[in-house]
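Welcome! Please take a look at the sequence and the 3D structure below, and then let us walk through them together.

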Amino acid sequence: MSPVRTVTEPRPSRSGVFPKAVKPLITHPPATQMYYHASLSKRAMKHLIAMLLAAASLTYAQAPGPIALRGARVVTVSGPVLEKGTVLLRNGLIEAVGENVDLPKDAWVMDAQGATVYPGLIDALSTVGLPETPAQPATPRTETSATPATPRFGANEPAMPVQQGPEFRPFTTTWVRAADLLNPADRRVEETRSAGFSSVVTFPSSGIFAGEGAFLNLSGEKQGRMVVTSPAGQYVTLTSHGFGTYPGSLMGVIAYIRQVSLDADHYKLELQAYASHPVGQKRPNYDRAVEGLLESPRLLLPADDAKQLDRMIRFAAELKRPAVLYGGHQAYKIADRVAKSGVPLLISLKWPEKPKDADPDQEESFRTLELRDRAPSSPAALEKAGARFAFYSGGTAAKDVRKALKRAVDAGLTEAAAVRALTLSAAEIYGVADRVGSIEPGKIANLLVVKGSLFDEKAKIQYIFIDGAKYEPIPETPPPGDREGRAAPGGVE
Amino acid sequence: MNRLALFLMAVPLAAGQTTVIRNATVLTVTKGTFQGSILIRDGKIVEAGEKVLVPDGARVIDAGGQFVMPGIIDCHSHIAADSINEGAVAVSSMVGIEDVINPDDIDIYRALAGGVTTANILHGSANPIGGKCQVMKMRWGKDAQGLIFEGAMPGIKFALGENVKRSGSPGNGFGASPGLRYPASRMGVEDVIREALTEARAYQKEWRDYQAKLDRHEQAIPPRRDLKLEPLVEVLEGKRYVHAHCYRADEILMLLRVADDFGFKIRTLQHVLEGYKVAKEIAAHGAGASTFSDWWAYKAEAFDAIPYNAAIMVRKGVLVSLNSDSAELMRHLNTEAAKAMKYGGLNETEALSLVTINPAKQLGIENRVGSIEPGKDADLAVFDKHPLSNYAKVEKVFIDGELYFDREKDLEERPGKEARKKALIDKQKAQEKKERKKPEATEDKKNEEPGGVR
């Protein structure tokens, strides 16, 4: 098991509301803010942006006019591929899609011949949009509970006092919501979007019960505008924190999760009983830990190799809570079992690599070599077995996601299944397939426009539409220092 | 048996379902030793004797010159689990090995290669009341559930003495714990166990009261389930065996007294190196003893250990087994058993019992394994020489009638495995080489196409 998630060193703070990296985001319509930028000085523009942000509600109230993408190859995902199709967007939604779409007179028509339109990609497990240093919710340590609200056990953190059982809710922040902590100016919002992602599902990632995730649109606009749904689930890790703390072992963590789950069931019973007859009854204690669990629609459980997948499939069934597994690199070994379980699996696109500092003379084990060789064949095996799966970047730099995806395709995954896993399947897993994930009338206008095929590494991403607004990818510049951001969730080893 | 043989001949059977091992020296452990055959069908021993009819279509394994004994049972092991100790709390009965079985642990295969077919996988000895144990069969290649010895009595680890009181290791023995975790003395160990069992009694009563209310058709919500106390209630009710790590005579007697006070039996005392001093008391309580052959003086509480321990306890009427507590020692428990002949003069059968039928009885699985008798699981170890000889090697191991280890096959497959590994290494080296060249190419591309997003 990996140690506690590392938090990258603090970077120099940026001034202003927007990071410098943010160039004009919305390059077209309608004639609102960004039209002015060319004629304005940088400083003036900053002021303008601040002003516009202040008046943001007004800005959003002004609906952009309809946009039509005409003559493109349209991969709807939910239906057949249209070789020469048109997609009409209005008010942030997809209004029409088809080979013959009547275009309104006021539509801004974009000739998209030679381009392919996909639903915007979804990174099914991420920390994008969360502050680089996890926020400390206002829950001071008390004498009765020395559990820090967001436990991080770095060198300067006092160790957990020993001999604390499950009732102290160690490493538990079920109630922390990603949606409440969003930082729209997170540099990674733009980076991720530039790689073709219109959405991410972002989770707090530290602790055993880390907190509630949110399904976000990467508009980088106001917090409230980014959230598609929240809570999207509860992020669970099986990280143990050493012999001197409880729980200090894998089986201790598992037993702890089981106890909290049982406590949640009992809590519900107690509250119901009390609500029906409060008079003369002992009042149940309020427990924020189980409150957070109860409001989470699903648990995200880590499972990378075959034994972990098997273990977590059984565990999810035992807990009787909807679950989604993440990791999945050895799923090629037990794809049928995953399929049969019906439990969806999020596969990390961070394929196993040889450690950079590996001793060249040290011969690696057959298991390590085989896993590295075969991990990218897991999606293909799952497709064949009929399992439900989606992808997450898992720490792969946004710009390398397509390369990682190609390895899965080279290992036998069909392109159609690859696109589905990155779009509709992820939306289905999070229960938002009625809103995003495919190109259908009425859905949120999240689109990806590629000059060519997504699977041709040379094909450029032209536009990303999010909530109907058009974004262009940022030109790639050499990374100033650490551009990868902090450790992404989903590491399970 | 003739009738059975006729019946077998009349019904065509799928090959592999029926196996006969013949011409072997069969060490049944419970029914003597003879030259003969063993008939296996559907994973069970059907017949073992000097003359066994070979049914049509049966797979016949000639074991001429070889020795067949019941698969070895290790009453104390820590292999095949992803975690062993939950140590920060004094009572960790909420955890269990069952949750962390690791079917990929190569030690399973190595144990097989030493003739072991069943092992009791215990929680570590970090705390007075440890986690739940798991009895497993060494079914190498099966998944976690496939390893579980179905129907075996559940168990739990208790531990006494130095490991659990942890005095002398403040802050450096087990990580950066600020100060000691209670208990810090043998008195404290007793207190922790008594307190936990008292708590368990109260919890048991809570559930009984709830049940009584339901029986009276009163409305009630069930008590909160407490995963720490549930296994201890099972202990009190005799539904879960206690396997207690211990060394010194005084702490052994303490634990037996505690168990008597709470009305349950200690199933086995583990290690129990001073067991020879209190063997009569152990026998009177009815506890088994699972000890080492000849380990001593590796820590203060092991100073009084003697290699005669097993034999003395056997002679005093204690049910004794020898265990490994080590993935290495696990591979030659047969020679560990042989030591009890040198030290203490046990006979061959008594010595073999220490690693077969006795641990089976201690784990409550003697109706299934531990000896070669009709009706028992076909868990067998085939040695090339007498298993109590230093020179004996395991040739084949069967579990449930299936061949799980075959020395010949293992040797045959090695070149193929080497080749597959080399192919993978070469493939990945070639890829690395290709990728080392790549960065230059992307540089060129970048120059051509500023703003290209790859």
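A helix axis here is a line fitted to the C-alpha atoms over the stretch in contact, and angles run from 0 to 180 degrees between N-to-C directions. Helices (H or I, at least four residues) and strands (E, at least two) are DSSP runs, numbered from the N terminus. This is a predicted model, in which local features need pLDDT of at least 70 and side-chain atom pairs count only at pLDDT 80 or more, while totals for chains, interfaces and linings use all residues. Residues are numbered from 1 along each chain as its sequence is written, and chains are lettered from A and ligands numbered from 1 in the order in which they are written.

**A helix pair in chain B**

With those terms in hand, we can start with two helices. The axes of helix 5 (residues 186-215) of chain B and helix 7 (residues 249-262) of chain B come within 11 Å, crossing at roughly 20°. Because angles under 35 degrees count as roughly parallel, over 145 as roughly antiparallel, 65 to 115 as roughly perpendicular and the rest as oblique, helix 5 of chain B is roughly parallel to helix 7 of chain B. Their crossing is right-handed (the near helix is turned clockwise from the far one by less than a right angle; anticlockwise would be left-handed).

Which residues in helix 5 of chain B meet helix 7 of chain B? They are B:Arg186, B:Glu190, B:Ile193, B:Arg194 and B:Leu197, and their partners in helix 7 of chain B are B:Glu251, B:Met254, B:Val258 and B:Phe262. Two residues are in contact if their C-beta atoms, placed from the backbone, lie within 7 Å. Sorted by class, this contact has five nonpolar, no polar and four charged residues. Ala, Val, Leu, Ile, Met, Phe, Trp, Tyr, Cys and Pro count as nonpolar, Asp, Glu, Lys and Arg as charged, and the others, Gly among them, as polar.

**The chains in numbers**

A residue is buried if 20 or more other C-beta atoms lie within 10 Å of its own, exposed if 12 or fewer, and partly exposed in between. The table sets out each chain.

| Chain | Helices and strands | Residues and buried share | Share of contacts (separation of 6 or more) between residues 24 or more positions apart |
|---|---|---|---|
| Chain A | 13 helices, 18 strands | 493 residues, 49% buried | 72% |
| Chain B | 13 helices, 16 strands | 454 residues, 48% buried | 68% |

**Where the chains meet**

The contact takes 42 residues from chain A and 42 residues from chain B. On the chain A side, helix 5 (250-276), helix 7 (306-319) and helix 9 (366-374) of chain A each supply at least two residues. Helix 5 of chain A gives the largest share, 13 residues. By class, the side of chain A that touches chain B has 18 nonpolar, 11 polar and 13 charged residues.

**Two domains in chain B**

Domain bounds come from an automatic or database domain assignment. For chain B, that assignment gives domain 1 (1-71 + 371-439) and domain 2 (72-369). The C-alpha centres of these domains of chain B lie 31 Å apart. Their contact takes 21 residues from domain 1 of chain B and 27 residues from domain 2 of chain B. On the domain 1 side, strand 5 (67-70), strand 14 (380-383), strand 15 (394-399) and strand 16 (402-406) of chain B each give two or more residues. The largest share there, three residues, comes from strand 15 of chain B.

**An enclosed helix in chain A**

Seven of the eight residues of helix 3 (residues 187-194) of chain A are buried, so this helix is largely enclosed by the rest of the structure. Among the buried residues are A:Arg188, A:Glu190 and A:Arg193. What covers them includes strand 6 (121-126), strand 7 (197-202), strand 17 (461-466) and strand 18 (469-471) of chain A. Just after this helix, A:Gly196 takes a positive phi of about 105°.

**Backbone details**

A cis peptide bond joins A:Tyr246 and A:Pro247, with omega about -10°. A:Pro247 sits in the loop between strand 11 (234-236) and helix 5 of chain A. In chain B, the peptide bond from B:Tyr182 to B:Pro183 is cis, with omega near 5°.

Is A:Val77 buried or exposed? A:Val77 is buried, with 20 other C-beta atoms within 10 Å, and its phi is near 75°, a positive value in a residue other than glycine. B:His271, in strand 11 (residues 268-271) of chain B, also has a positive phi, near 75°.
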